[in-house]
There are 2 protein chains.
Amino acid sequence: MNSQIKAREVLAMHGISPSRPRVAILKYMQENFVHPTADVIFKHLRSTHPSLSLTTVYNTLKLFAEKGICVPLSINDKQVCYDINLHPHSHFFCTECGRVFDIPQDESAQLLQSTTLGGHRISEVHVYFKGICSSCLPHESN
Amino acid sequence: MNSQIKAREVLAMHGISPSRPRVAILKYMQENFVHPTADVIFKHLRSTHPSLSLTTVYNTLKLFAEKGICVPLSINDKQVCYDINLHPHSHFFCTECGRVFDIPQDESAQLLQSTTLGGHRISEVHVYFKGICSSCLPHESN
DNA sequence: ATTTGCATTGTAATCATAACAAATAATGCA
DNA sequence: TGCATTATTTGTTATGATTACAATGCAAAT
């Protein structure tokens, strides 16, 4: 299939050898454009890949994140979920069902003050940056 | 002291009885305008409140959050930290030292595309909303 | 002083994630 | 083709944050 090839291509582009579990996990993320946790992926692939272990899923997701294939999201305090959508966009986390929805960036920019967004009722807005703070940065020239 | 009074006032305003641990925890948060985890608070108050238990800190922070005195932040995947600053603002998480800095909202709005912010080097931008999604919302009239 | 009910405590349980060592597969080369 | 070397995967065990829960303590009201 197409996504099978695509998954292998993506792995190759990032210098990752295309082992069975890696291809399966990436393919899953490409086909199911959700924001899965390690556990969700594990449970979905269990039937078709009986030997797959949860540890492998964790390792693989961490590897993907390091290589820039996906991004870990700490939206809720329980589990980390992963996003293969690398285009700039925001997220909406439903406190009822726990699903994470993608929100186009321009939509979210103007709606930072609004209370509804695409039919969802917003109760919290979170914006945060990650990086290296001024005191941890190597000092340039003094 | 002033903040002692202020802490008790805030508790009263939110219908929370001012027990020793609650006053101490709130006072700590008001005086040290950081973004502490339960553990950080516990360790700081341990010396002056020898009988304090970690469970009480967890319970109290959860209570404060429910009553709207503070906001839990899931910025990093390890521990939840709490913010008593309720004014709209963004956060900067340093991946080196783990500290969380407040970022004025207007500053962050324009700098969503920038790579530095008040001397910090930005590598990730996260925007997310929380609320109830359209399918979990009670249907209005149909 | 006694009751009543909330608050705190300490311990034990849970759950996500990481560490680690053993088993397995993949790759290159004689 | 068959072995040697290295990378991956697996299963189990450990860790660390958070919660559950039962027992104790405390404070206001009678």
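**Exercise 1.** Which backbone oxygen does the side chain of B:N76 reach?

*Solution.* The model is predicted: local features need pLDDT of at least 70, side-chain atom pairs count only at pLDDT 80 or more, and totals for chains, interfaces and linings use all residues. Residues are numbered from 1 along each chain as its sequence is written, chains are lettered from A and ligands numbered from 1 in the order written, and side-chain values use heavy atoms, without hydrogens and water.

Step 1. Find B:N76 in the loop between strand 1 (71-73) and strand 2 (81-83) of chain B. Strands are DSSP runs of E, at least two residues; helices are runs of H or I, at least four; both are numbered from the N terminus.

Step 2. Follow the side chain of B:N76 to the backbone oxygen of B:Q79, at 3.4 Å. That side chain also reaches the backbone nitrogen of B:K78, at 2.9 Å.

**Exercise 2.** Find the phosphate contacts of DNA strand C.

*Solution.* Step 1. Start with the residues around DNA strand C (a heavy atom within 4 Å). There are 17, and A:Y58, A:V80, B:S19, B:S51 and B:T56 come nearest. Sugar and phosphate make up 83% of the strand C atoms that come within 4 Å of the protein.

Step 2. Look at phosphate oxygens. One lies 2.6 Å from a polar side-chain atom of B:T56. Polar backbone atoms serve too: A:V80 has one at 2.9 Å from a phosphate oxygen, and B:L52 has one at 3.2 Å.

Step 3. Name the elements. Helix 4 (54-67) of chain A, and helix 2 (20-31) and helix 4 (54-67) of chain B, each give two or more residues to the surface near DNA strand C.

Definitions and conventions. Polar contact = N/O pair within 3.5 Å; in protein donor to acceptor, adjacent residues only side chain to side chain.
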